[in-house]
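Me: I would like to learn how to read a model feature by feature. Can we start with one residue and work outwards?

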Amino acid sequence: MIQNKALREKIKPFSWGMQLQLDDCSHLVIILAKKNARYDTPFFRSVAERRGLQGEQLEKALARYKSFQETDIKIADDQRALFDWSGKQTYIALANMLTGAAAIGIDSCPIEGFNYDKMNEVLAAEGLFDTNEWGVSVAATFGYRAKEITKKSRKPIDEMVTWVE
């Protein structure tokens, strides 16, 4: 979470999708994704162990992820694909944050509109993370609106959803 005004100013020039919000939002969250999140890394093992898996259960789970990464989604040997998958996982947390905020009357906005290389560079230079291990996935702003916003035009649900019965 970036509350530091000086750091927000540093990221503003390349954060075109949130430039106006950086001054006004009460909270700015930058979500990181794990790089090289392979099934056979110590990181992946530690995630499974934190979930309470051990012994045979742990080995079965890691074997399942091996099969998933090698066969089902075919990403195990592609660092970019692994990072993209890891980034997709962060959207689960993002969705929960946005929904939770809305449930208590706080406005939020997910944002991908920024230069990722520069964002990673500036935040890493601040000592916030190691770019060999982590990368920026997405950002979100939170706060209370200063004025009513105009309703966005959306396609009808019938054009977006197919119901299969």
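Reply: Start with methionine 160, which is exposed at a relative accessible area of 58%. The scale is this: buried means under 20% relative accessible area, exposed over 50%, and partly exposed in between, with a 1.4 Å probe and protein chains only. Keep in mind that this is a predicted model, where local features need pLDDT of at least 70, side-chain atom pairs count only at pLDDT 80 or more, and totals for chains, interfaces and linings use all residues. Residues are numbered from 1 along each chain as its sequence is written, and side-chain values use heavy atoms, with hydrogens and water left out.

Me: Where is methionine 160 placed?

Reply: Methionine 160 sits in helix H7, residues 157–160. Helices (H or I, at least four residues) and strands (E, at least two) are DSSP runs, numbered from the N terminus.

Me: Which residues form a nonpolar patch on the surface?

Reply: First the rule. Patches take residues with over 30% relative accessible area and no salt bridge; like charges are joined within 9 Å, nonpolar side chains (Val, Leu, Ile, Met, Phe, Trp, Tyr) within 5 Å. A salt bridge is a side-chain nitrogen of Lys or Arg within 4 Å of a carboxyl oxygen of Asp or Glu. Here the patch is Ile157, Met160, Val161 and Trp163, with about 480 Å² of accessible area together. Accessible areas come from the Shrake-Rupley method with a 1.4 Å probe; for residues, only the protein chains shown count as cover.

Me: What is the overall pattern along the sequence?

Reply: Read the elements in order: α-α-β-α-α-α-β-α-β-α. That comes to 7 helices and 3 strands. The C-alpha trace spans about 55 × 50 × 30 Å along its principal axes. Of the 165 residues, 34% count as buried. The accessible surface is about 11,300 Å², and 54% of that belongs to carbon and sulfur atoms.

Me: How should I read the strands?

Reply: In a regular strand the side chains alternate between the two faces of the sheet. For pairing, DSSP must find at least two bridges between two strands. Now take E3, residues 134–143. In this strand 9 of the 10 residues are buried, so E3 is largely enclosed by the rest of the structure.

Me: How many bridges join E1 to E3?

Reply: There are 8 bridges between E1 (residues 27–34) and E3, and the two run antiparallel. Isoleucine 30 stands opposite alanine 139 of E3. E2 (residues 107–111) is also antiparallel to E3, through 5 bridges. There, aspartate 107 has glycine 143 as its bridge partner.

Me: What does glycine 17 touch?

Reply: Contact means heavy atoms within 4.5 Å. Leaving out residues up to four places away in sequence, glycine 17 touches Ile111 and Gly113. Glycine 17 lies in the loop between helix H1 (5–11) and helix H2 (19–24). Its C-alpha atom is separated by 4.0 Å from that of glycine 113, 96 residues apart along the chain. Glycine 17 is partly exposed, with a relative accessible area of 30%. For the whole protein, among contacts between residues at least 6 apart in sequence, 69% join residues at least 24 apart.

Me: How many salt bridges does the count come to?

Reply: The count is 10. Look at both ends of each pair. Aspartate 77 and arginine 38 form one, with the closest N and O atoms 3.0 Å apart. This pair links distant parts of the chain, 39 residues apart: aspartate 77 is in the loop between helix H4 (55–72) and helix H5 (79–103), arginine 38 in the loop between E1 and helix H3 (42–50). Aspartate 77 is exposed at 74% relative accessibility, whereas arginine 38 is buried at 15%.

Me: What separates glutamate 56 and lysine 60 in helix H4?

Reply: They are separated by about one helical turn, because they are 4 residues apart in helix H4. Their side chains meet in a salt bridge (3.4 Å, N to O). Glutamate 56 is exposed at 58%, and lysine 60 is exposed at 52%.

Me: Which residues are linked in a network of salt bridges?

Reply: Glu9, Lys12 and Asp23 are. Within it, glutamate 9 and lysine 12 meet at 3.1 Å, N to O. Glutamate 9 is partly exposed at 43%, while lysine 12 counts as buried at 16%.
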